[in-house]
Amino acid sequence: MSALSGIPRQTDHRWFDPSTWHLRTRLILVSMALLVAICGAVGVVSYASMDVFLTKQLDQQLTQASHGRPPVGDPNGRPDPLDARGQSIGTLNARILGSQVSSAGFLSSDATRTPLSLNDAGILLALPHDGHPVDRTLSNGGYRLVATETPYGDVVITGLPLASKEDTEASLVWTMVLVSLGGLVLIGLAGTVLIRRTMRPLEQLSDVATKVSKLPLDAGEVALAVRVPASAAHPGTEVGSVGHALNLMLDNVSNALEARQQSETKVRQFVADASHELRTPLTAIRGYTELLRMTETFTEDGRKSLGRVQSQSERMTTLVEDLLLLARLDEGKAPEFTDVDLTQLVIETVSDEKVMAPEHIWQLRLPDEPLTVRGDSTQLHQVLANLLSNARKHTEAGTTVVTGVMRSADGSAVVTVTDNGPGIPPEFQGRIFSRFARADAARSGSEGTSGLGLSIVESIVQAHGGTVEVASRPGRTEFAVRLPALRTATV
């Protein structure tokens, strides 16, 4: 993410929990799949059973129809089979002599004979003469046929249409489909309601875990008051046991956070007290050093040693002042807000740094009009001084350092400090604003530092309601400070 990019907004997902939604959807889909499989199996078994029953019933009717034909006698003297009484509409009767169909036809609804087609005659001639019913498709549709050879050498064929059987089976299929679909819809709705009610405790657990995951638990005083409701934390059920265990864990974490806060408070108080007490002896050391330098005569080595004592005392004084400032910021002491001309403050701070490090190339990128923010002028000056000092100490001579001031799209003020040095290792960028964090090997030419400069920068910027970010790669490192409530200065 660019150093100038805004902080992404967090979306409130309380109305929609993806984890429980996916689980609920999978349960519904699995239930529906099982119901579909069961309905399919029931349908197949029902269809097969109905087919066997209807076929058996049709065979019985076929047997009765074949027994109702004219009595057996001389083929040339027997009447036409279609003339037999009791034949139902659509019945097929035929007599085969040799390889010819001597008489055949369908019984029409008006009791007249409908002749067979040549294709039908070919199908009848090919039938086996074993007396077992078979299905064939004729010009009038599907038929159940039985061919019986008589003692006189001719073959009598009787057939009944399959339309009634097929209509019954089709009605069965549609009935099964419609009933199954209706049942699936009703069961799906009922299952959804039941699963949602069953999953509600899990949603409550997920909601609690999500809220806890968004709490800043790393530092400061944290009120961990989020708990699983009693209705979802009853140990008598599986989900209730999980909720009860989660509440116990949150109680333990809350106690640990309170202990950590008390420990941090004691440490901060100690640092503040120790730093305050160190100011007096450090001031005395610096004063006596100056007095000795002015009143006593030293050898060359003595003067060097005395100068070393003075420089180290000044460095330690700076460290003590930084610790005191951090202690005040940790206590939540609000800055003294006034109107600060940010553009002028940047010009002055860069000018001071240019005098201290003329070997670096210092550049400014300023807006056409001054920018004014509400803030503590002294603290904002320290932010700029620390960022510029950081760029100076951790880059080689000849490095270009560009300080820019601009107005962002949302109206806030953005100050950037960019250098073309070797960059910061990626593994160090995540903790670069931590206290006493140092990576001297990351950028060449580093001086001895306390590791508090960037931590002070972050603390001051946060106290002003702003943010500070870093983006670094070899050849470009940029720190961006974003301050709210930017407005144009009145002239």
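What average pLDDT does the protein chain have, and what share of the residues score at least 70? You're looking at a predicted model, and the chain averages a pLDDT of 80, with 85% of the residues scoring at least 70. Colour by confidence before you go anywhere.

**Stop 1: the low-confidence stretches**

Select residues 69–74. The pLDDT stays under 50 here, and the model gives this stretch 13 contacts beyond four places in sequence. Now jump to residues 487–491, where the pLDDT is below 50 as well. Beyond near neighbours in sequence, residues 487–491 have 9 contacts in the model. Where pLDDT is low, don't read the predicted coordinates in detail.

**Stop 2: the whole chain**

Zoom out and switch to cartoon. The protein chain has 9 helices and 14 strands. Of its 491 residues, 36% are buried. Take the contacts with a separation of 6 or more: 63% of them join residues 24 or more positions apart. Turn on the surface, and you have about 28300 Å² exposed, with carbon and sulfur atoms supplying 58% of that.

**Stop 3: helix α2**

Select residues 118–125, which make up helix α2, and show side chains. Which residues of α2 are buried? They are D120, A121, I123 and L124. Look down the axis of α2: the buried residues fall within an arc of 160°, so they line one face of the helix. Swing round to the other side of α2 and you'll find L118 and N119 exposed.

What covers the buried residues of α2? Add some strands to your selection: the cover includes β1 (92–97), β2 (100–107), β4 (134–138), β5 (141–149) and β6 (155–161).

**Stop 4: along helix α4**

Next, select residues 238–295, helix α4, and pick out E258 in it. E258 has 45% relative accessibility, so it counts as partly exposed. Try a distance from here: E258 and A223 are 35 residues apart in sequence, and their C-alpha atoms are 8.7 Å apart in space.

V253 is also in helix α4. Its relative accessibility is 29%, so V253 counts as partly exposed too. For another distance, pick L224: it is 29 residues from V253 along the chain, and the two C-alpha atoms are separated by 8.2 Å.

**Stop 5: where α7 meets α9**

Now show helix α7 (residues 377–393) together with helix α9 (residues 453–463). Their axes come within 9 Å and cross at roughly 145°. α7 passes α9 in a left-handed crossing. Which residues make the contact? On the α7 side, show Q379, Q382, V383, N386, L387 and N390; on the α9 side, show G453, L454, I456, V457, I460 and V461.

**Stop 6: one buried residue in each helix**

Stay with this pair and click L380, which lies in helix α7. Is L380 buried or exposed? Its relative accessible area is 5%, so L380 is buried. Leaving aside neighbours within four places in sequence, L380 is in contact with V340, L345, V373, G375, H464 and L483. You can also check V346, which is 34 residues from L380 along the chain, with a C-alpha separation of 9.5 Å.

Finish on S455, found in helix α9. S455 is buried, with a relative accessible area of 3%. Apart from neighbours within four places in sequence, its contacts are L326, F433, S434 and R435.

Key
Residues are numbered from 1 along each chain as its sequence is written. Side-chain values use heavy atoms; hydrogens and water are left out. pLDDT is the predictor's confidence in each residue, from 0 to 100. Contact means heavy atoms within 4.5 Å. Buried means under 20% relative accessible area, exposed over 50%, partly exposed in between (1.4 Å probe, protein chains only). Helices (H or I, at least four residues) and strands (E, at least two) are DSSP runs, numbered from the N terminus. The arc is that of the directions from the helix axis to the C-beta atoms. Accessible areas come from the Shrake-Rupley method with a 1.4 Å probe; for residues, only the protein chains shown count as cover. Axes are lines fitted to C-alpha atoms, for helices over the stretch in contact, and angles run from 0 to 180 degrees between N-to-C directions. A crossing is left-handed if the near helix is turned anticlockwise from the far one by less than a right angle, and right-handed if clockwise.
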